[in-house]
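Subject: Structure handover

Hi,

Here is the structure I said I would pass on. Have a look at it first, then read on for my notes.

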Amino acid sequence: MQTKILLTEQEMPRRWYNLAADLPTPMLPPLGPDGRPVTGDQLAAIFPPALIEQEVSQERWIDIPEEVLSLLYRWRPSPMHRAYGLEKALGTPARIYFKNESVSPAGSHKPNTAVAQAYYNKISGVKKLTTETGAGQWGSALAFATSLFGLECKVYMVRSSYEQKPYRKMMMQTWGASCTPSPSNTTKAGRDVLAADPKSPGSLGIAISEAVEEAVSDPSGKTKYALGSVLNHVMLHQTIIGLEAKKQLEKAGERRADKVIACVGGGSNFAGLAFPFIADKIAGADIEIIPVEPSSCPTLTRGSFRYDLGDVAGMTPLLPMHTLGHSFVPPVIHAGGLRYHGMSPLVSQAAMDGLLSPRALPQLECYEAAVLFARSEGIIVAPETSHAIAQVIREARQAKEEGKERVLLFGLSGHGLLDLGGYQSYFAGELENYDLSPELLARGLSSTESFPPMPAGRASKAASVKA
């Protein structure tokens, strides 16, 4: 009985996989304020040249620099586990595997792209990076990565998560970064939000505005912005997860996975695990790929595929994505990393092409699943990961009802050892489910009405929803 399936450092992938090269429908371009496609010169204000090249690349494979590989070796290849304990607890014939990204120094999948982004900025002469963070996993990952390259780091953290998770801030400070609750008084974008709502809980859209504003306001040009999700180059860097997972399934003697499941907010964790398997699905493999989001922030399952801003203040390009509207401020749930209003354009296009089966799950079911997982497998997971586990449990129970053996693979995006406040609230009966009301959805989407429409034949269509 093999519980952990391991790869050697020599077996680690040496190239990232770019899904844009294989999507059945070509990606739509990001647009500038004038409604025209964004140019590289426009992106140069916030990103170094190499990342801009990766953002627009149509190459299927992109080499991972040796310096980046040498740092990834500190925790990669990450282990894949067979969840024997969970299988026994559920009495299911399904074989359940999970890719464990909680083993990184920052405790999540986020350093996979943080290290790469810090490297490309360093070699281009950048001295400081600004960013946003929701639950704090991305902020702490970038703080870790910038410490490796001697870069200064400033993080704007969504205020509700800043207050819920103070130890994330301490992690950032330990690695030398500064962390400011957002909205703040240090930027015009933050002051405008506070003027309208002094008690604003914040959102990733607001925090992005603040981080971008600080980056573009540096007259020296030595400050750039780093994003932990959504954009194509971030999705690219994360695919090392799924590329490793495919090798590990082979080592475990599995011909393939029947279902690949991961939580999804902006898209980086989901893309990292799923994109290499989406390539197989495009090539004809019989596999279901399931992104799981909160029912309170149902971007893929109830959002609209249209052009929208990535932030509140309008400092980012217009992106073609599933969105709830850039003005949307989600309920204060503990899965802070899944509270973004928009979805990665690559993930969105894959959904539009019918390659994904999105699900939206309520908070209480997810915590119940996380507790069962902790008691059967021993790992206390982040609230974000609990969404994937809840869907895995649904799938495992269905396999039991049907008497069918299935191979289920899910992504464990991070541990929850700094999220115990959410578990405490769950055990105390203080948590509740939040379903996004039609009124709030309509209000959020109204903020996109003045933006360019989708080209003919590319308008939003109903997602495959099973809530």
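Which helices and strand each supply at least two residues of the lining of the largest cavity? They are strand S6 (128-133) together with helices H6 (137-149), H10 (204-216) and H13 (268-282). H13 is the top contributor, giving three residues to that lining. Before going further, please keep in mind that this is a predicted model.

**Cavities**

Three cavities of 30 Å³ or more turn up. The largest cavity holds about 330 Å³ of space. Its lining is made of 28 residues, and Lys110, Ser229, Gly266, Ser268 and Gly337 are the ones closest to the centre. By type, the lining of the largest cavity splits into 14 polar, eleven nonpolar and three charged residues.

The second largest cavity comes in at about 180 Å³. There the lining has 16 residues, with Leu227, Leu231, Thr316, Pro317 and Leu319 nearest the centre. Of the residues lining the second largest cavity, 13 are nonpolar, two are polar and one is charged.

**Salt bridges**

As a reminder, side chains of opposite charge can pair when their charged atoms come close. How many salt bridges does a search of the whole structure find? The count is 21. Three of them are worth pulling up in your viewer.

Start with Asp22 and Arg60, whose closest N and O atoms are 2.6 Å apart. This salt bridge links distant parts of the chain, as the two residues are 38 residues apart. Asp22 sits in the loop between strand S2 (15-17) and helix H1 (40-43), while Arg60 is in the loop between helix H2 (49-56) and strand S3 (61-63). Arg60 counts as partly exposed because its relative accessibility is 38%.

Next come Lys99 and Glu244, with an N to O distance of 2.7 Å in their salt bridge. Lys99 belongs to strand S5 (residues 95-100) and Glu244 to helix H12 (residues 240-251), so this pair ties together parts that are 145 residues apart in sequence. Are these two buried or exposed? Both Lys99 and Glu244 are buried. They also belong to a network: salt bridges with shared partners join Lys99 and Glu244 with Arg76 and Glu101.

The third is between Asp258 and Arg256, where the side chains meet at 2.8 Å, N to O. Arg256 has a relative accessibility of 27%, so it counts as partly exposed.

**A glycine in a loop**

Gly403 is found in the loop between helix H17 (383-402) and strand S15 (407-412). With a relative accessible area of 61%, Gly403 is exposed. If you want a distance to check your setup against, the C-alpha atoms of Gly403 and Gly429 are separated by 35 Å, with their positions 26 residues apart along the chain.

**Confidence**

The mean pLDDT of the protein chain is 93, and 97% of its residues reach 70 or more. Where does the pLDDT fall below 50? That happens over residues 462-467, a stretch with 13 contacts in the model beyond near neighbours in sequence. Where pLDDT is low, the predicted coordinates should not be read in detail.

That's everything from my side.

Cheers

Terms used: Residues are numbered from 1 along each chain as its sequence is written. This is a predicted model: local features need pLDDT of at least 70, side-chain atom pairs count only at pLDDT 80 or more; totals for chains, interfaces and linings use all residues. Side-chain values use heavy atoms; hydrogens and water are left out. On a 1 Å grid over the protein atoms alone, a cavity is a set of points where a 1.4 Å probe fits but cannot get out, and a pocket is an open set with protein on both sides within 12 Å along at least five of seven lines; lining residues have an atom within 4 Å of a point. Grid points are joined across faces, edges and corners, and a volume is the space filled by probe spheres set on the points. Helices (H or I, at least four residues) and strands (E, at least two) are DSSP runs, numbered from the N terminus. Ala, Val, Leu, Ile, Met, Phe, Trp, Tyr, Cys and Pro count as nonpolar, Asp, Glu, Lys and Arg as charged, and the others, Gly among them, as polar. A salt bridge is a side-chain nitrogen of Lys or Arg within 4 Å of a carboxyl oxygen of Asp or Glu. Buried means under 20% relative accessible area, exposed over 50%, partly exposed in between (1.4 Å probe, protein chains only). pLDDT is the predictor's confidence in each residue, from 0 to 100. Contact means heavy atoms within 4.5 Å.
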